[in-house]
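Let's take a walk through this model, one stop at a time. Have the structure open and follow along.

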Amino acid sequence: MKNLFSLEGKTALVTGGGQGLGGAIAEGFAHFGADVAVVDINIQTAESVAERIRSMGRKAVGLACDVSKEDQGVAVVKKAITELGKIDILAAVAGIGDRAMAEDMTMDQWDHVLNINLRGVWIFDQLIGKHLISRKAPGSIINMASVAGQVGVKTGNANYAASKGGVIALTRLLAIEWSKFNIRVNAIAPVQFKTPLIAELLNNPATVDYFLSAIPLGRLGEVKEIVGPAVFLASEAASMVTGIVLNVDGGMTAM
């Protein structure tokens, strides 16, 4: 039973793996035994995380990619498979915010966020799903959603909320469609975590107070706290778990 969470013999690909939640997940997978392809739009940060993983004695490669570009996604997945042999686990974490109140949001802002947060997840879900199906191999796909895809917020996030709601719907659909291939598809939905995505917002005490007022545990998430949920969903510990949204939210969605 103690080996339920082991990822030994597995290979993971993590988008948005160069920093924040993606970086923590990439290193967390390695700590539990996986080799990791670290994908990020910034090759320097991707390679930095990959180097830390290699220092653990695991194989790792850093790869640059704009996840909204299908041709780049195809090339990156091909490179990762060439370098590491296969992909068993996908964590589609890459995401952005571009805030404006709904009445002021431009179509460029809308498209920018939807292209990264939803289109980018779909591109990598499909690519890794096809790879697993072609290998007749079981696998785990973990999509990064958000509490903003489930509850209303008032911080100028119409595009972000729509993208994360789409990720949740996509996750559930793929879990059903790909169950016959023994590919599990789940989502993690965090509340606000201390990441670069919201670093600027945390300079405003009123915004911090608003965030904390909705979190029963009374604090923001720390990046290390995303690792356990991700490892659980990637591992045999979650072998009967598919189609769920695992809220990592300090109790927000229970209110």
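Start with a side-chain pair: Asp88 and Arg135 make a polar contact through their side chains, at 3.2 Å. Keep in mind that this is a predicted model. Asp88 sits in the loop that links helix H3 (70-84) to strand E4 (89-92). Is Asp88 buried or exposed? Its relative accessible area is just 4%, and because the cut-off for buried is under 20%, Asp88 counts as buried. Setting aside neighbours within four places in sequence, Asp88 is in contact with Gly9, Lys10 and Thr11, with Leu132 and Arg135, and with Pro138, Gly139 and Ser140.

Now move on to another loop, the one between E5 and H5, where you'll find Ser146. Ser146 is buried too, with a relative accessible area of 5%. A polar atom of its side chain lies 2.9 Å from the backbone nitrogen of Ala148. Not counting residues up to four places away in sequence, Ser146 touches Tyr160, Lys164 and Ile168, along with Ile188, Ala189 and Pro190.

That brings us to helix H5, which covers residues 158-177. With 20 residues, H5 reaches 29 Å from first C-alpha to last, close to the 28 Å expected at 1.5 Å a residue. Its buried residues include Tyr160, Lys164, Ile168, Thr171 and Ala175. An α-helix has 3.6 residues a turn, so residues three or four places apart point the same way. What covers the buried residues of H5? Look for helix H4 (107-135) and strands E5 (139-144), E6 (183-190) and E7 (245-248), which are among the elements that do so.

Conventions
Residues are numbered from 1 along each chain as its sequence is written. This is a predicted model: local features need pLDDT of at least 70, side-chain atom pairs count only at pLDDT 80 or more; totals for chains, interfaces and linings use all residues. Side-chain values use heavy atoms; hydrogens and water are left out. Helices (H or I, at least four residues) and strands (E, at least two) are DSSP runs, numbered from the N terminus. The expected span of a helix is 1.5 Å times one less than its number of residues. Buried means under 20% relative accessible area, exposed over 50%, partly exposed in between (1.4 Å probe, protein chains only). Contact means heavy atoms within 4.5 Å. A polar contact is a pair of N or O atoms within 3.5 Å; within protein, one must be able to donate a hydrogen and the other to accept it, and residues adjacent in sequence count only if both atoms are side-chain atoms.
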